[in-house]
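This briefing gathers side-chain pairings and strand pairing for the structure shown below. The points are grouped by topic, so that each residue can be followed from one pairing to the next.

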Amino acid sequence: MARSGTRPVVTLRSTAGTGQSYVTRKSRRNNPDRLVLRKFDPVAGQHVLFREERRP
């Protein structure tokens, strides 16, 4: 599968402050804003919001 600029790789960082992160891809066409998903944080032991982090 070829990489494209339409579906970039993004890092989701936990808002609980545990430093936990997920890596996923998103569609810039359908979701131009920053992605926010509710996912499980194993350090916190519960579901929390994960926000898209800017790539360096």
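A search of the whole structure, which is a predicted model, finds one aromatic pair. That pair is formed by Y22 and F50, whose ring centres are 5.1 Å apart and whose planes stand at 70 degrees, so the arrangement is edge-to-face. Because Y22 belongs to strand β2 (residues 21-25) and F50 to strand β4, the pair ties together parts that are 28 residues apart in sequence.

**Around the aromatic pair**

- The two partners differ in how they are classed for burial, since Y22 is partly exposed with a relative accessible area of 27%, whereas F50 is buried with a relative accessible area of 0%.
- The ring of Y22 also has a charged neighbour, as K39 lies over its face at 4.5 Å from the ring centre.

**Strands β3 and β4**

- K39 appears again in the strand pairing, where its bridge partner in β4 is V48.
- Strands β3 and β4 run antiparallel and are joined by six bridges.
- These two strands form a hairpin with four residues between them, and G45, which sits in the turn, has a positive phi of about 75 degrees.
- Strand β3 covers residues 36-41, while strand β4 covers residues 46-53.

**Salt bridges**

- The count of salt bridges in the model comes to two.
- One of them joins the side chains of E53 and R13, with an N to O distance of 3.2 Å; because E53 lies in strand β4 and R13 in strand β1 (residues 9-14), this pair ties together parts that are 40 residues apart in sequence.
- Both ends of that bridge are classed as partly exposed, with a relative accessibility of 32% for E53 and of 31% for R13.
- E52 forms a salt bridge with K26, in which the closest N and O atoms are 2.9 Å apart; since E52 lies in strand β4 and K26 in the loop between β2 and β3, the pair ties together parts that are 26 residues apart in sequence.
- In this second case the residues are classed as buried, E52 with a relative accessible area of 15% and K26 with a relative accessible area of 6%, because the class covers values under 20%.

**Surroundings of E52**

- Leaving aside neighbours within four places in sequence, E52 is in contact with V10, T11, L12, K26, D33, R34 and L35.
- For K26, one of these residues, the contact is also a polar one between the two side chains, at 2.9 Å.
- V36 is 16 residues away from E52 in sequence, yet the C-alpha atoms of the two residues are 6.3 Å apart in space.

**S27 in the loop between β2 and β3**

- S27 is found in the loop between β2 and β3, the loop in which K26 also lies.
- With a relative accessible area of 10%, S27 is classed as buried.
- A polar atom of the S27 side chain lies 3.3 Å from the backbone nitrogen of N30.
- When residues up to four places away in sequence are not counted, S27 touches T6 and R7.

Notes
Residues are numbered from 1 along each chain as its sequence is written. This is a predicted model: local features need pLDDT of at least 70, side-chain atom pairs count only at pLDDT 80 or more; totals for chains, interfaces and linings use all residues. Side-chain values use heavy atoms; hydrogens and water are left out. Contact means heavy atoms within 4.5 Å. A polar contact is a pair of N or O atoms within 3.5 Å; within protein, one must be able to donate a hydrogen and the other to accept it, and residues adjacent in sequence count only if both atoms are side-chain atoms. Rings of Phe, Tyr and Trp (its six-membered ring) pair if their centres lie within 6.5 Å; planes under 30 degrees apart count as stacked, over 60 as edge-to-face and the rest as tilted. Buried means under 20% relative accessible area, exposed over 50%, partly exposed in between (1.4 Å probe, protein chains only). A charge sits over a ring if NZ of Lys or CZ of Arg is within 6 Å of the ring centre and within 35 degrees of the ring normal. Two strands pair if DSSP finds at least two bridges between them. A salt bridge is a side-chain nitrogen of Lys or Arg within 4 Å of a carboxyl oxygen of Asp or Glu.
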